Amino acid sequence: MLVIDRYKCAYCGACISVCKFNANELVETFVRVDEEKCTLCKMCVRVCPMGAISVEE
Amino acid sequence: MDYDYDVVVIGAGPGGSMAAKTCAEEGLNVLLVEKRQEIGAPVRCAEGISKEGLERFFEIDRKWIAREVSGAIIYSPDGTELKLSSEMAGNEVGFVLERKIFDRDLARMASKAGAEVIVKTTATGMEREKDGLRIRLKRMGEDYEVTAKIVVGADGVESRVGKWAGIDTTVKLGEIESCVQYLMTNIEFDPDFCHFWIGQKYAPGGYVWLFPKGESSANVGIGILPTMTKKTAKWWLDRFVQEYYPDGKIVEFVVGGVPVTGPIDTAVSDNVMLVGDAARHADPITGGGIANAIKGGYFAGKVAKEAVDAENYSKEFLRRYDEMWKNDFGKTLHRNKLLQKKFLKLSDETLDRLIRSIAGYNLEEISVKRLVLELIKKNPKLLWDIRHLFT
């Protein structure tokens, strides 16, 4: 499962731009993930400037 | 049918506000929608713009400007300094904006020209409605809909408008600068210059910048390419700051992704035009995006007026927006994308050599073109394959 650390996230939207599956969305000041669409490809994990995203097994 | 608006603009950054302002000035009925509760905050930007980029469209208001600079200093990995400065002292070449003030003022100008502006309202989707579009909006939890002939997507790096309209703007990992910036005080630097540190040593696939906002405060930031390092942008910036400005105080955090894809094939679809970061209009070498966003917003506004007059909102008609931005800054985006690819392949030692080859020169014109031409002149063998970009 994709986990976004809301204390680290600075809601910049970088993770949304690299998601091929439209699985995430920047809702005003937080990122929402649609687990149905997320394939755990980790593109968002790698782009996050803050290191706020991780995959929990 | 009757539409609620001629144009709905999604996103009130410089590109969106400029589009709304232009539409309103052309007499169109326009709505500008911003999802945040404040326009201009949080900023996701280093705030630098050339003087020319602003002057083309505005009578410059001093309160937008945090600091003027007369040149740039580039530091190569071994510390060699390359100074680019305008010939005449006091001849300012660039501005570091106060985006919180600038963005709000631009939205205010749009509103003064007649645009309706709403904040804390998110566009959640859109669909075709006869010749126009029905746009779903959510305001403080309440869903409602408006109809429009045209939607301008100025919704930033995280753009959804393009995806809804079938324009594929997904950014690859190697095409986005992952950026962190601190507004720092209590640091020492030459406040008349913007400062750039280049090389893998500082910022893999990007650079470190220091843009003065005052005598002792500055935007100190970094962009890295996620394909070139496993560490985060924040890790790299902290490392730099610890070494160079250990006594500096961080008073603001700025985070963002800058799309550096180069020009996309098309920024239009039926009833839709994209501007600014949503259209991936940021420069692949400098990362600068404000000037292009403003130009794109202006062009989109003009084309919206033509489309409304012609009652034709098809993508074929809107392609004239593509033509306008491509003829204006599209060529530079293309050239700088190729330059970026070339420079990404150079080692730190090669960068040192390049910078050293022209370090003693006083380059009076400050532009990527001037700088690279000089580098090619001094290093023809090393850079022979990019010569053609400038002929």
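This section describes the interface between chain A and chain B and selected features of chain B in a predicted model.

In the predicted model, 22 residues of chain A are in contact with 28 residues of chain B. The area buried between chain A and chain B comes to about 2100 Å², and 59% of this area is on carbon and sulfur atoms. On the side of chain A, the residues that lose the most area to chain B are Ser17(A), Glu28(A) and Pro49(A); together they account for 29% of what that side buries. One salt bridge is found across the interface of chain A and chain B. A salt bridge joins the side chains of Glu28(A) and Lys120(B), with an N to O distance of 3.0 Å. Glu28(A) is thus named both in this pair and among the residues of chain A that lose the most area to chain B.

Over all chains, the count of salt bridges is 31. Among them is the pair of Asp192(B) and Arg67(B), whose closest N and O atoms are 3.2 Å apart. Asp192(B) is located in the loop between strand 12 (176-185) and strand 13 (193-198) of chain B, whereas Arg67(B) belongs to strand 4 (residues 65-69) of chain B, so the salt bridge ties together parts that are 125 residues apart in sequence.

Several helix pairs of chain B were examined next. Helix 6 (residues 290-310) of chain B packs with helix 7 (residues 315-344) of chain B, their axes coming within 8 Å and crossing at roughly 160 degrees. Helix 6 of chain B and helix 7 of chain B are therefore roughly antiparallel, as the angle is over 145 degrees. Their crossing is right-handed. From helix 6 of chain B, the contact includes Phe299(B), Ala300(B), Val303(B) and Ala307(B), and the residues met in helix 7 of chain B include Phe317(B), Tyr321(B), Met324(B), Trp325(B) and Phe329(B). The contact of helix 6 of chain B with helix 7 of chain B has 12 nonpolar, two polar and four charged residues.

Helix 6 of chain B also packs with helix 1 (residues 14-25) of chain B, at an angle of about 30 degrees and with the axes 7 Å apart. Helix 1 of chain B is therefore roughly parallel to helix 6 of chain B. The crossing of helix 1 of chain B and helix 6 of chain B is right-handed. Residues including Pro14(B), Gly15(B), Met18(B) and Ala19(B) of helix 1 of chain B meet residues of helix 6 of chain B, including Ile290(B), Ile294(B), Tyr298(B) and Lys302(B). By class, nine nonpolar, four polar and one charged residues make up the contact of helix 1 of chain B with helix 6 of chain B.

For helix 8 (residues 348-358) of chain B and helix 9 (residues 368-378) of chain B, the axes come within 9 Å and cross at roughly 95 degrees. Helix 8 of chain B and helix 9 of chain B are therefore roughly perpendicular. Leu354(B), Ser357(B) and Ile358(B) of helix 8 of chain B make the contact with Leu371(B), Glu374(B), Leu375(B) and Lys378(B) of helix 9 of chain B. This contact has four nonpolar, one polar and two charged residues.

Two backbone features fall in the loop between strand 2 (30-33) and strand 3 (48-50) of chain B. The peptide bond from Ala41(B) to Pro42(B) is cis, with omega near -10 degrees, and Pro42(B) lies in this loop. Glu47(B), in the loop between strand 2 and strand 3 of chain B, has a positive phi of about 75 degrees although it is not a glycine.

Notes. Residues are numbered from 1 along each chain as its sequence is written. Chains are lettered from A and ligands numbered from 1 in the order in which they are written. This is a predicted model: local features need pLDDT of at least 70, side-chain atom pairs count only at pLDDT 80 or more; totals for chains, interfaces and linings use all residues. Side-chain values use heavy atoms; hydrogens and water are left out. Axes are lines fitted to C-alpha atoms, for helices over the stretch in contact, and angles run from 0 to 180 degrees between N-to-C directions. Helices (H or I, at least four residues) and strands (E, at least two) are DSSP runs, numbered from the N terminus. Angles under 35 degrees count as roughly parallel, over 145 as roughly antiparallel, 65 to 115 as roughly perpendicular and the rest as oblique. A crossing is left-handed if the near helix is turned anticlockwise from the far one by less than a right angle, and right-handed if clockwise. Contact means heavy atoms within 4.5 Å. Ala, Val, Leu, Ile, Met, Phe, Trp, Tyr, Cys and Pro count as nonpolar, Asp, Glu, Lys and Arg as charged, and the others, Gly among them, as polar. Buried area is the accessible area (1.4 Å probe) that two parts lose on being put together, summed over both. A salt bridge is a side-chain nitrogen of Lys or Arg within 4 Å of a carboxyl oxygen of Asp or Glu.
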